[in-house]
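Hi everyone, thanks for coming. I'd like to walk you through a structure that may be new to you, so please have a look at the screen.

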Amino acid sequence: MKRAVIAKTLIASIGLLALFAPSQASAQLIPQPWVSVGGKDGDTTYAVGVRAFNLGVEVGRGPDDSTGVDVLKFLSLPVVSPYVGLGYYSEDKGLAVSGGVQVGATDNVFVGAGYNSVRGFNGQLGIRF
C-alpha cells in the first residue's frame with residue numbers, strides 16, 4: 001500500500017513539475033539593429049532601427065528630405081516576426097503608418113521587408129548579438 005501511494009505521489013509531482021516548470025525566457029536583452037533601404041516615387045529612402053523587448057524604433061529619411069521616427073510593435077514568432085508601426089515625419093509629410101516582417105536568416109542575421117506610408121517599400125538587413 002505504501003508503494004502505491006509513493007508511486008502516485010511521484011507521478012503527480014513530475015506531472016505538476018512539467019506543467020508549471022518555467023520555460024525559456026523569450027525577452028531579448030540585447031537590442032537588434034538593422035538598416036533599411038527602399039524607395040517611393042523614384043526617391044531612395046533610408047532608415048536605421050533597433051528592436052528590444054518586441055518594441056522597435058526606426059529613424060528614417062524619406063522623399064523631399066523628410067525625416068521622421070517610427071515606433072514599432074513586433075509579434076515574436078519562432079522564425080518570422082511581423083510588425084506594425086506609427087510615426088511622424090517632417091516636411092509636411094505628417095503621420096506615417098508602417099508594417100512588415102523580419103525573418104531570421106541565420107542565428108545572427110535577419111532580413112526583412114516592409115512598407116511605410118512616407119518612405120514606401122523597403123528591404124532590411126540586421127544582426128543579432
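**Starting from valine 103**

Let's begin at one residue: if we set aside the neighbours within four places in sequence, valine 103 is in contact with Val79, Val80, Phe110 and Val111. Before I go on, please keep in mind that this is a predicted model. Valine 103 sits in strand S6, which covers residues 94-104. One of those contacts, valine 79, is 24 residues away along the chain, and the two C-alpha atoms are separated by 5.9 Å. Is valine 103 buried or exposed? Neither, in fact: valine 103 counts as partly exposed because its relative accessibility is 31%.

Now let's step back for the overall picture. The protein has one helix and eight strands. Reading from the N terminus, the helix comes ahead of the strands, in the order α-β-β-β-β-β-β-β-β. There are 129 residues, and 29% of them count as buried. The exposed area of the protein is about 8300 Å², with carbon and sulfur atoms supplying 68% of it. If we take the contacts with a separation of 6 or more, 31% are between residues 24 or more positions apart.

Back to our valine, and to the surface. Which residues make the nonpolar surface patch? Val103 is one of them, and it is joined there by Val35, Val48, Val50, Val57, Val59, Val69, Val79, Val111 and Leu125. The patch comes to about 750 Å². Two strands, S2 (43-52) and S3 (55-61), each give at least two residues to the nonpolar patch. Valine 50 is a member of the patch and is placed in strand S2. With 35% relative accessibility, valine 50 counts as partly exposed.

From the surface, let's go inside. In soluble globular proteins, nonpolar side chains tend to be buried together. Here, the largest nonpolar core has five residues: Trp34, Leu72, Phe74, Tyr83 and Phe110. Do you remember Phe110 from the contacts of valine 103? What else does phenylalanine 110 touch, beyond its close sequence neighbours? Its contacts include Gln32, Pro33 and Trp34, then Gln102, Val103, Gly104 and Ala105, and also a run from Gln124 through Leu125, Gly126 and Ile127 to Arg128.

Let's follow one of those contacts, glutamine 32. Glutamine 32 lies in strand S1, residues 32-40, and counts as buried because its relative accessibility is 5%. Away from its sequence neighbours, glutamine 32 contacts Gly49, Val50, Arg51, Phe110, Ile127 and Arg128. So one residue here touches both Val50 and Phe110; Val50 belongs to the surface patch, and Phe110 to the core.

My next stop is the charged residues. Side chains of opposite charge can pair when their charged atoms come close. How many salt bridges are there in the model? The count comes to four. In one of them, glutamate 58 and arginine 119 meet at 2.8 Å, N to O. This pair links distant parts of the chain, with glutamate 58 in strand S3 and arginine 119 in the loop between strand S7 (109-116) and strand S8 (120-127), 61 residues apart. Both partners are buried.

Arginine 119 also has a salt bridge with aspartate 70, at 3.7 Å, N to O. Again distant parts of the chain are linked: aspartate 70 is in strand S4, 49 residues from arginine 119. Both of these residues are buried too. Put together, Glu58, Asp70 and Arg119 form a network of salt bridges.

A further salt bridge joins lysine 93 and aspartate 64, whose closest N and O atoms are 3.0 Å apart. Lysine 93 is in the loop between strand S5 (80-89) and S6, and aspartate 64 is in the loop between S3 and strand S4 (67-74), so the pair ties together parts 29 residues apart in sequence. Here lysine 93 is partly exposed, at 30% relative accessible area, while aspartate 64 counts as exposed, at 52%.

Last one, I promise: threonine 45, in strand S2. Threonine 45 is buried, with a relative accessible area of 1%. What does its side chain reach? It comes to 3.5 Å from the backbone nitrogen of glycine 39. A polar atom of the threonine 45 side chain also lies 3.1 Å from the backbone oxygen of arginine 119, which brings us back to the residue of the salt-bridge network. Thanks for listening!

Terms used: Residues are numbered from 1 along each chain as its sequence is written. This is a predicted model: local features need pLDDT of at least 70, side-chain atom pairs count only at pLDDT 80 or more; totals for chains, interfaces and linings use all residues. Side-chain values use heavy atoms; hydrogens and water are left out. Patches are made of residues with over 30% relative accessible area and no salt bridge: like charges are joined within 9 Å, nonpolar side chains (Val, Leu, Ile, Met, Phe, Trp, Tyr) within 5 Å. Accessible areas come from the Shrake-Rupley method with a 1.4 Å probe; for residues, only the protein chains shown count as cover. A salt bridge is a side-chain nitrogen of Lys or Arg within 4 Å of a carboxyl oxygen of Asp or Glu. Helices (H or I, at least four residues) and strands (E, at least two) are DSSP runs, numbered from the N terminus. Buried means under 20% relative accessible area, exposed over 50%, partly exposed in between (1.4 Å probe, protein chains only). A nonpolar core is a set of buried Ala, Val, Leu, Ile, Met, Phe, Trp, Tyr and Cys residues joined through side-chain atoms within 4.5 Å. Contact means heavy atoms within 4.5 Å. A polar contact is a pair of N or O atoms within 3.5 Å; within protein, one must be able to donate a hydrogen and the other to accept it, and residues adjacent in sequence count only if both atoms are side-chain atoms.
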